[in-house]
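Got your viewer open and a hand on the mouse? Load the model below, and let's take a walk through it together.

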Amino acid sequence: MNAPCIYLDPVAQPTAEQLPYLPRLTLGASPRIACFPNLFTDSAPFLADLAEALTPLLPDASFPYFDKQFGRYMSTPATQELRAEIKAAADAVILAYGHCGSCTSGVVHDGVLLAHGGKQVCDLVTARSRDEALFLAKALGLPEMPFVFLPHPVAGRTADWHQELADKIADDVMRALKTGA
């Protein structure tokens, strides 16, 4: 007896509730923009370069620094305690960076969780991981997640190259934080 073939569609519909991205950076006195690297190679120094590039646009801003303590945590979401610390200390968060598969997952998860907690976010992801980042944001219920896509690779480049890239994307990061786009 032949059993009938059952064909299943491997593309599931997202089960997470799709929420609009609402937080927007309102520039008040002394905004606090957290720099949150996932500790992938060069992500921390790149965010320092970006903070320097943002300073002329936000002369009264401070840029508190947070990280996951160990590079082995780059692909997993930050702890609830660390997210609470970031939310208490910052008005907005710049996360860096999604560079490959697992680290992109970590940075997108962190961005979504912080946005759901009411923080303005901007996730930095390389162009190579663009599709994955957009897919994850939608799957996690935040399809309008603000991203700035960087050329690939960012890791392993010279300090001058990083500074030039930071200068080049500063306006895009500000736009993402202010408008969510």
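What follows is a list of stops, each with something to select and something to look for. One thing to keep in mind as you go is that this is a predicted model.

**Stop 1: the sheet**

Start by showing the strands as a cartoon. You should find an open sheet of 4 strands in the order β1-β2-β3-β4, paired in parallel. Here's a bit of background: strands of a sheet pair through backbone hydrogen bonds, and the pairing is either parallel or antiparallel.

Which strands stand at the edges? Colour β1 (33–37) and β4 (147–150): each has a single partner strand, so one side of each is left without a neighbour in the sheet. Now turn the sheet so you look along it, and watch how the strands rotate: the twist averages 20° from one strand to the next.

**Stop 2: strand β2 and its partners**

Select residues 92–98, which make up β2. How many of its residues are buried? The strand is mostly covered, with 7 of its 7 residues buried.

On one hand, β2 is joined to β1 by 5 bridges, and the two run parallel. Click A34 and look for its bridge partner in β2, which is V93. On the other hand, β2 pairs with β3 (residues 120–126) in the parallel sense, over 5 bridges. Stay on V93 and you'll see V121 of β3 opposite. Then hop along to L95, which stands opposite D123 in β3. While you have side chains showing, remember a handy rule: in a regular strand they alternate between the two faces of the sheet.

**Stop 3: the helices against the sheet**

Select 101–116 to bring up helix α3, which lies across β1, β2, β3 and β4. What angle does α3 make with β2? The helix runs at about 165° to that strand.

Next, select 43–54 for helix α1. This helix has 12 residues and reaches 16 Å from its first C-alpha to its last, close to the 16 Å expected at 1.5 Å a residue. Show its side chains and pick out the buried residues: S43, F46, L47, D49, L50, A51, A53 and L54. What do they pack against? They pack against β1, β2, β3, β4 and α5 (159–179). Keep in mind that an α-helix has 3.6 residues a turn, so residues three or four places apart point the same way.

**Stop 4: rings and charges**

Now hide the cartoon and show the aromatic side chains. The count of aromatic pairs in this model is 3. One of them is F147 with F149, a stacked pair at 5.4 Å centre to centre, with 25° between the planes. Is F147 buried or exposed? At 10% relative accessibility, F147 counts as buried because the cut-off for that word is under 20%. F149 is partly exposed, with a relative accessible area of 27%.

Keep F149 selected and add R130, which lies over the face of that ring, at 5.0 Å from the ring centre. For another charge over a ring, select R157 and W161: the charged end of R157 sits 4.1 Å from the centre of the W161 ring. Before you leave the rings, select F40, F46 and Y97 together, as they form one aromatic cluster.

**Stop 5: loops and backbone oddities**

Turn to the loop between β1 and α1, where you'll find L39 and also D42. Neither is a glycine, yet L39 has a positive phi of about 75° and D42 has one of about 70°. As for their surroundings, L39 is partly exposed at a relative accessible area of 22%, and D42 is partly exposed at 22% too.

Then jump to P153, in the loop between β4 and α5. Zoom in on the backbone just before it: the peptide bond from H152 to P153 is cis, with omega near 0°.

**Stop 6: before the sheet begins**

Finally, select A29, in the segment before β1. Is A29 buried or exposed? At 77% relative accessibility, A29 counts as exposed. Add L58 and draw a distance between the two C-alpha atoms: they are separated by 9.8 Å, though the residues are 29 apart along the chain.

Technical notes:
Residues numbered from 1 in each chain as written. Predicted model: local features only at pLDDT ≥ 70, side-chain atom pairs only at ≥ 80, totals over all residues. Heavy atoms only, no water. Phe/Tyr/Trp six-rings, centres within 6.5 Å; stacked < 30°, edge-to-face > 60°. Buried < 20%, exposed > 50% of the residue type's maximum accessible area, 1.4 Å probe, protein only. Lys NZ or Arg CZ within 6 Å of the ring centre and 35° of its normal. Pairing = 2+ DSSP bridges. Axes fitted to C-alpha atoms, helices over the stretch in contact; angles between N-to-C directions. Contact = heavy atoms within 4.5 Å. Expected span 1.5 Å × (residues − 1).
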